[in-house]
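Please look at the sequence and the structure shown below, and keep both in view while reading. The report that follows takes up one part after another, under short headings.

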Amino acid sequence: MMQVKNPGGKHIYLVGFMGSGKSTIGPRLAEELGVPFIDLDEAIEKEQETTISDIFRDRGETYFRKLETRHLNSVSTEPSPRVIAVGGGAFTVAENRRIIRRSGYSVWLDVSLADAADRCRSTGRPLAGDRRRFEELFRDRRKHYEKADIRIHVAGRSPEELARRIQQKLRDTNLPAT
Ligand code: S3P
């Protein structure tokens with residue numbers, strides 16, 4: 001196991017747009033660090049005993065966002081470090097960014113619009129069905145993702161390579177200990 005600069009045993013949060021690879025890279029990174037991986041959307045689905053799509057359809061996005069913040073708050077209090085992948089909208093909410101900042105480091109997986117659109121095609125994601133809306137969200141959210149501690153360009157890199165680069169950047173970046 002490589003030693004990550006992780007003072008105080010903080011969590012590592014993977015943030016970024018839909019299709020940026022959070023759920024693929026997360027488990028690999030977690031394995032390399034020897035810590036558990038949590039996919040926030042999966043945790044929500046498990047607790048709610050339904051899918052994210054059905055939550056959006058039946059209860060609406062506002063309801064989903066409340067659930068998302070509640071779950072984020074709850075996983076953030078895990079006493080030992082985790083790698084946590086959060087949905088593409090999570091880091092755009094100020095309250096969520098506060099939770100993330102006080103409990104860990106944020107890593108922005110920066111994907112191009114074209115790659116994100118490719119990867120989200122036919123996945124049934126509730127916010128990826130309408131191309132114009134998808135593009136709008138992509139542009140609007142970048143200003144929030146930019147607030148992440150670390151930014152990694154994902155284009156042309158395998159999950160293995162990305163997991164390595166994240167660890168390298170975590171070591172090389174002068175991150176606050178608290
Ligand atoms: C969302 C992204 C999804 C999921 C939900 C809303 C968003 O997660 O949380 O559909 O607002 O971008 P992924 O980023 O894993 O697709």
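## Around the ligand

In this predicted model, the side chain of lysine 22 has an N or O atom that lies 2.5 Å from an oxygen atom of the ligand. Two arginines make similar approaches: a side-chain N or O atom of arginine 65 is 2.6 Å from a ligand oxygen, and for arginine 125 the corresponding distance is 2.6 Å.

The surroundings of the ligand comprise 14 residues, and the closest of them are Lys22, Arg65, Gly88, Arg125 and Arg141. Two of these names return in the next part, since Lys22 and Arg141 are among the residues that phenylalanine 17 touches.

## Phenylalanine 17 and its aromatic partners

How many aromatic pairs does the model contain? The count comes to 4. In one of them, phenylalanine 17 and phenylalanine 134 have ring centres 5.0 Å apart and ring planes at 65 degrees, and because an angle over 60 degrees counts as edge-to-face, this pair is given that name. Phenylalanine 17 belongs to the loop between β1 (11–15) and α1 (22–33), whereas phenylalanine 134 belongs to helix α7 (residues 131–145), so the pair ties together parts that are 117 residues apart in sequence.

Are these two residues buried or exposed? Phenylalanine 17 has a relative accessible area of 2% and is therefore buried, and phenylalanine 134, also at 2%, counts as buried too. Together with Phe138, Phe17 and Phe134 form one aromatic cluster. Beyond its neighbours in sequence up to four places away, phenylalanine 17 touches Lys22, Leu109, Val111, Ala116, Phe134, Leu137, Phe138, Arg141 and Tyr145. The largest nonpolar core has 52 residues, and Phe17, Phe134 and Ile166 are those with the most contacts inside it.

## Tryptophan 108 and tyrosine 145

Tyr145, one of the residues touched by phenylalanine 17, has a ring partner of its own. The ring centres of tryptophan 108 and tyrosine 145 are 5.9 Å apart and their planes stand at 35 degrees, so this pair is tilted. Tryptophan 108 lies in strand β4 (residues 104–110) and tyrosine 145 in helix α7, with their positions 37 residues apart in the chain, and the pair thus links distant parts of the chain. Both residues are buried, with tryptophan 108 at 3% relative accessibility and tyrosine 145 at 2%.

## A charge over a ring

An aromatic ring can also have a charged group as its partner in this model, as arginine 59 shows: its charged end sits over the ring of tyrosine 63, 4.0 Å from the centre of that ring.

## Phenylalanine 64

Phenylalanine 64 is part of helix α4 (residues 61–76), and with a relative accessible area of 3% it is buried. Leaving aside residues up to four places away in sequence, phenylalanine 64 touches Asp41, Ile44, Ile52, Ile55 and Phe56. Measuring from C-alpha to C-alpha, one finds phenylalanine 64 and phenylalanine 17 to be 17 Å apart in space, while in sequence they are separated by 47 residues.

## Histidine 11

Which backbone oxygens lie close to polar atoms in the side chain of histidine 11? The backbone oxygen of serine 76 is 3.1 Å from such an atom, and the backbone oxygen of glutamate 78 is 3.4 Å from one. Histidine 11 is found in strand β1, and its relative accessible area of 2% places it among the buried residues. The residues it touches, apart from those up to four places away in sequence, are Val75, Ser76, Glu78, Ser80, Pro81, Arg82, Ile84, Ser103, Gly104 and Tyr105.

## Two positive phi angles

Most residues other than glycine have a negative phi. Against this background, glutamate 49 deserves a look, with a phi near 55 degrees, which is a positive value in a residue other than glycine. Glutamate 49 sits in the loop between α2 (40–48) and α3 (52–59), and it is exposed, with a relative accessible area of 73%.

Serine 122 likewise has a positive phi, near 55 degrees, although it is not a glycine. Its place is the loop between α6 (113–120) and α7, and with a relative accessible area of 77% serine 122 is exposed.

Conventions:
Residues numbered from 1 in each chain as written. Predicted model: local features only at pLDDT ≥ 70, side-chain atom pairs only at ≥ 80, totals over all residues. Heavy atoms only, no water. Phe/Tyr/Trp six-rings, centres within 6.5 Å; stacked < 30°, edge-to-face > 60°. Helix = DSSP H or I, 4+ residues; strand = E, 2+ residues; numbered from the N terminus. Buried < 20%, exposed > 50% of the residue type's maximum accessible area, 1.4 Å probe, protein only. Lys NZ or Arg CZ within 6 Å of the ring centre and 35° of its normal. Core = buried A, V, L, I, M, F, W, Y, C linked by side-chain atoms within 4.5 Å. Contact = heavy atoms within 4.5 Å. Near = heavy atom within 4 Å. Polar contact = N/O pair within 3.5 Å; in protein donor to acceptor, adjacent residues only side chain to side chain.
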